[in-house]
Every structure is written in structure tokens, then in C-alpha cells.
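Here are my notes after a pass through the side chains. Have the model open while you read, and start with the rings.

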Amino acid sequence: MGAQYEVRGQVAVITLDNPPVNGLGYDTRTGIAAGVGRAVADAAVVAVVVTGGGRAFSGGADIKEFGSPKAIAEPNLLSLIKLLEDCPKPVVAAINGTCMGGGLELALGCHYRLAAAGVDVALPEVKIGLIPGAGGTQRLPRVLGVETALNIIVSGDPVKSDLLASLPGQKLFDQIVPAGSSVVDAAVALAAAKAGEPRVRVRDLKVSHPNPDAYFQFARNMVKGMAKNFPAPAKCVDAVQASITKGFDAGMAYEREVFIALMMTPECKALRHAFFGERAASKIPDVPEDTPQRAVAKVAVIGAGTMGGGISMNFLNAGIPVVMLEMKQDALDRGVATIRKNYEAQVKKGKLKADKYEARMALLSTTLSYADIADADLVIEAVFEEMGVKEKVFKTLDEVMKPGAILASNTSTLDVDAIAAFTKRPQDVVGMHFFSPANVMKLLEVVRGAKTGKDVLATVMAVSKKIRKTAVVSGVCDGFIGNRMIEQYSRQAGFLLEEGCTPAQVDRAVEKFGFAMGPFRMGDLAGNDIGWAIRKRRYVEKPHMRYSKTADLLCEMGRYGQKTGAGWYDYVPGKRDAIPSDVVVKMIEEHRATLGVKPRKISDDEIVHRLVYSLVNEAAKILEEGIASKASDIDMIYLTGYGFPLFRGGPMCYADSQGLFNVVQTMKKFAANPLDDASFWQPAPLLAKLAAEGKSFT
């Protein structure tokens, strides 16, 4: 693994060999450097071609080496690019596939570049809170012009090679090789033809802009509005501006200085944590990566309501046939009409082509009979959240489904082991908890029952990738990971009302911290009656657990949220704007008076940390119980399903950034508040242990 070397005629071909994306790890870098050395030393070789093995040229840095000494060991990427640039024989990059990050910077260090048509090209460093760090901000403007280069660098999004090649005056690609032709053959021919000619170094090209001051000011204003919580996009603007205002070497030094400074910012650490957390979520400690998977060619969904329809759309989008089952024809008709309406809205906005919409709808069939779904490979029930209803469904599925079919429940709180026990095949039963709206939300909680088969887990995790979900495995407990934690968050929000806050004040503080939505706006959106039903169950099962009565009083007034036009806030028909309600504030004040509580002024800092640290403390218990296998899984759930601010990295990452010693000290203060729940604020044993040892969750 590293790089392969061969000679074709008079041209040396160095092929990057580090699957799957030819990451520029230490072995690959040393392999390229050794290949260049051999080519220079061989008098029979007149030129060099650098290309990628497999389907990628290079995806950039090797994520397997991030944070290790190998990542910066010489030759580092800057040294390697300088070696290519200074090579006395012409070097041609044959870009055969994906060319991103350090891979594109490597290609920019070559003297000529050929690319296959339709190849993705990008500098995506901004997505992990950085700027390109190996010359991308200095070389790309020299070959594509300042504006195109800055757009690519600030967005981090891939652009097709042929589109870039069509831009007037571009010097990124010397040639686009049409599909079906060999990029390497074309590169070898070009390299041989350029032998003996003066080398073309990107660093020597001129870069300019007709009105740089106005343009960069405009760019800064745009970036400020789009990425106010992230420093990297604005720094991209500064670094590209340096390509004009400073000489090449000074611009490179400035880029490096900014890159290293950004590495240390909390936002960059949070984004890197999320980047690795998303990849780690698919790895289950006791389920090997080569675990055999079951084929999933047809899916059945029980229930055509909001969840059933949304779940079905995920599979239709991925080209997987779905049969939707209901008890009554009118329910099916309503479900299909909603799916059509959702797709038609996408077509109207230009997000979906009409032929794709028709193709997706052609994959959908409906039925009133369980016999018609017997041959499905995966069946997901999305029926009413009540154990008696689930029991009836799973007993029927057990009778009709073919052997080896995966039986999944979309339950958000119920015991998956109890559901599995309704069947004679508990090894085939798993929880697939989609979040509403299921066709939009990225998160999928995969609930592993005590008897769920490893092949079932491996299959569901693979299927989740096909339907573009971030899947996180949870053990069985009440509420699983996400909803179990959010219950403590909601309890604290209720206590804050009793102590002196209004719903709007709590929501404002949390949204200022970066949450997409505060707890009371979230309750109105989800439906306050859902929480009410859970609390009624709690009063029986856990009588010791204390709640504020304000939420029950709200529901007794019939204020269930947006669906009833009134909840914690008032709503104008047809609009979602949350208007503070005098009626609700009066109800809270009257309730406070019955408790004999004198309201106090509560700071935003206290509001935020009572809510966030309640998540952290419950999460520590979840980790200790083995319900979650790693802290980053909990962060992924909160980043993708609950609107936790990405620039803070999730509750566990945020707690680490504050220092667990400080988290515990703050919790002790909360425990001393007579109106709060002192027993809850006793640090979870894992949290106390990590804090005492000076360690962190992540």
C-alpha cells in the first residue's frame, strides 16, 4: 500500500495505491516521493505521470492518520508538492476520479493536469472548520480566477471537471478526456510531448482582479451572513485575498498560519469531532465489518400516516420498491396523496425532475392485505405508539412474513425486546426509529434488542446508508438515547418556568446558544399531547420523578401546539410564527402563586447550562449502562436529530470543551437550588470519575 511505479516507453507512471480514496497517508506520500526520485535518476525517463488506482485520484488527507505523528511526518504534503513542482522533468496529473482537498492541491503542484469527464473536484476543508493548508488558496485562484476559486473554497462543495474546463480562461485542466478513453494513456502521450519544454508552474502564474477591494468586501459580507458561527469561511476570503496582495511565498506562509490557528478553534474541533463521529457511528464494537448481510430488494411499510409516508419516501428515493399497507382504503389514498404532494413541491422548486418523480411513484404500491407483503425483505411498522397495537401487528407479521425477513418497529419509546417477544423470531426484530419528518431528518436510531441478530444489525446499517441516513445504534431502554435525554431537558425547562422564566425567554436563550429551536417551540411543533401521554405513564411507573405541572395545565387547556393553533405560543392560521401568549404567561404566574414561589431573574447562562448539562448527565448514565457504545454516537444523535448547534459538536463534545471538572462544579450549584431536582444533579458515576481523573468523554 502506498504508490506503484512503472515505466511506459519513456514515461514513469506513479499510481497512488491507498484504497478506498487514495488518502495521502505517510506510505502514499513516501511512495510518490520515491517514485519521483527514481524517475529523475533514470536517464531513460523523460517525464512523469501521477494518477490514482481504482476510482479516485485522491480524496486528500488520510483520515485514518488524523492526529497521529504520521500525518505530519516528512515528506508532508507541502514538501511533496514542492518536490513535484521542482521536478526537472515534466509532471502530469492524470485525474482519473474524485480529486479533493490535498488531492487537488497535489495536482496543482504538477506542471500539467488532465481529467476524466464528470470527475468531482473540491477543496472541502471548510466543512471541518479549516482552510486548504497545502497551497489551495494560493494556487487555485491562479488557474481558475479569484471569484471561481473563492466560491469553490468557501462552499467546499464538489464541482464537475467538465464544468470547470468550460470556463473561459481557465488553466486548471490542459485536457478533458472523454468517457471510455484512458486518462493515463492520454497523460502519458502529453507527458512525452512536453519532455524538454520549459515546465509550467502554477506558482508562477499571474493572479489579479479588476476591483479587488470591493469584491472581497462583498465576499466577506456574504460569508458573514451565511456562516456567522464559523470562523473558517471568512478566513478563506482572507487567504484568497492574500494570493493577490502578497507574493506567492508570503501568501503560502499566511495560509499556513491561518490553517494552524483554525486547527485550535473550538468550532474546528467540533466539526472534526462530528466528521469522525459520523463515520464511527456505523462501526458496532461486536459486529465485524465483514458480517454477512441480508438482501433488501423490497420493503413493506405498515401505516400510511405521516411517519409511514415519510419512511416510504426514503426507500423510493433510493430506488427500492415499497408496498404500503393500511386497514382502510381512504387512509391509503390519503397517504399516497401526501407523498405525491411532497414530490410535486420538490418538482415545483426545481429540486426534482418530473421523470424522476414518476419513476419513484412507480415503485410504490399499496394494499389492505398482509398476504401482499409476505415476500418483502424488510417490513417497518409505523402504527400508533401503543403496545397493544404493536402486539397485534407483530403477531400477524410473524405469521405471514417469509423466513429471514427483517421485522422493524418505528417505536420512539416502547420496549423492543417486548415487541420481539410477540414473535417466534426475535433474532429478526429490530427498532428503526425515524425522526419526523422522516423523509427529511437525517437521523435513524437503530435499536438493538437483546436477541437481534448481528446480520440484521449489519443489514440495517447498510440500508441506512443507501437511504442517506446517519444511523446510530441504541440499546433498549425507555426513550432510547435521544428521547430519554430530551425528557430531562424538558423537565428542566419546566422548572425554569416555575422559578421565573417565560417560554419565550427560555427559547431565546437556547436559540442564541445555537439550537435550531428552543424547548417550547419544539414542543409546539411536535405536539404537547405526546409529552403529556408520556408523563401520565411516568406518574404511574415512576411516581418519584418530579415534573413542573405547567405542561399538564397547558394540555388541559387544549393547547397542543401548532396543530391546534395554540400551545406555549399563539399561532396565526397558515403560519408557523410563534407569538408569545398572554394567556400562557398568566397560567404560569397563577401556578407559581399556588406553589408560593416568588419569581427571580434567571440569566441566559443558567438557562442554557441547566438544559445542556441535563442532557450531558443523562447521557453519561446511558454510556455507563451500555445503551450507547461511545460518546460520539450521542453527539451524532443530537446534531442530526435534535438541532444541537453543529459548531459546538454535540452535548458531550461541548461538555469536554468546558472541562468536565467545571461541568461537575456547575451541577453542584444546580443541586443546591431548592426548587430544582437535587437528586438528578448528582453527577452520573462515569461523569464524576472522568472529572476526577481529568479525562474527557471524547
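1. Let's begin with Phe230, which counts as partly exposed because its relative accessibility is 24%. Keep in mind that this is a predicted model. Phe230 pairs with Phe647, and the geometry is edge-to-face: the centres are 5.9 Å apart, with 85° between the planes. The partner ring is the covered one here: Phe647 comes out at 11% relative accessibility, so it goes down as buried.

2. What does that pair tie together? Phe230 sits in the loop between α9 and α10 (232-245), while Phe647 sits in the loop between α26 (631-641) and α27 (651-658), so the contact joins parts that are 417 residues apart in sequence. Worth a look if you care about how those loops meet.

3. Another edge-to-face case is Phe275 with Phe276, so classed because the planes stand at 85°, with 5.3 Å between the ring centres. Are these two buried or exposed? Partly exposed, in both cases: Phe275 has a relative accessible area of 23%, and Phe276 has 27%.

4. On the aromatic side overall, the count is 16 pairs. Ring pairs also build a cluster out of Tyr489, Phe513, Phe515, Phe644 and Tyr654. Phe513 picks up a charge as well: the charged end of Arg648 sits over its ring, 4.0 Å from the centre.

5. There's a lysine example of a charge over a ring too. Lys549 lies over the face of Tyr539, and the distance to the ring centre is 4.6 Å.

6. Now for the surface. Phe218, Met222 and Met226 make a nonpolar patch of about 350 Å². Phe218 belongs to helix α9, which covers residues 212-226.

7. Last, the cysteines. How many disulfides does the structure hold? Zero. Cys110 is in none, and the nearest cysteine sulfur, on Cys99, is 9.4 Å away; for a disulfide the two sulfurs would have to be within 2.5 Å. Cys110 is buried, given its relative accessible area of 1%.

8. Cys555 is in no disulfide either, and the nearest cysteine sulfur to it, that of Cys501, is 20 Å away. Cys555 has 2% relative accessibility, so it counts as buried.

Definitions and conventions:
Residues are numbered from 1 along each chain as its sequence is written. This is a predicted model: local features need pLDDT of at least 70, side-chain atom pairs count only at pLDDT 80 or more; totals for chains, interfaces and linings use all residues. Side-chain values use heavy atoms; hydrogens and water are left out. Buried means under 20% relative accessible area, exposed over 50%, partly exposed in between (1.4 Å probe, protein chains only). Patches are made of residues with over 30% relative accessible area and no salt bridge: like charges are joined within 9 Å, nonpolar side chains (Val, Leu, Ile, Met, Phe, Trp, Tyr) within 5 Å. Accessible areas come from the Shrake-Rupley method with a 1.4 Å probe; for residues, only the protein chains shown count as cover. A salt bridge is a side-chain nitrogen of Lys or Arg within 4 Å of a carboxyl oxygen of Asp or Glu. Helices (H or I, at least four residues) and strands (E, at least two) are DSSP runs, numbered from the N terminus. Rings of Phe, Tyr and Trp (its six-membered ring) pair if their centres lie within 6.5 Å; planes under 30 degrees apart count as stacked, over 60 as edge-to-face and the rest as tilted. A charge sits over a ring if NZ of Lys or CZ of Arg is within 6 Å of the ring centre and within 35 degrees of the ring normal.
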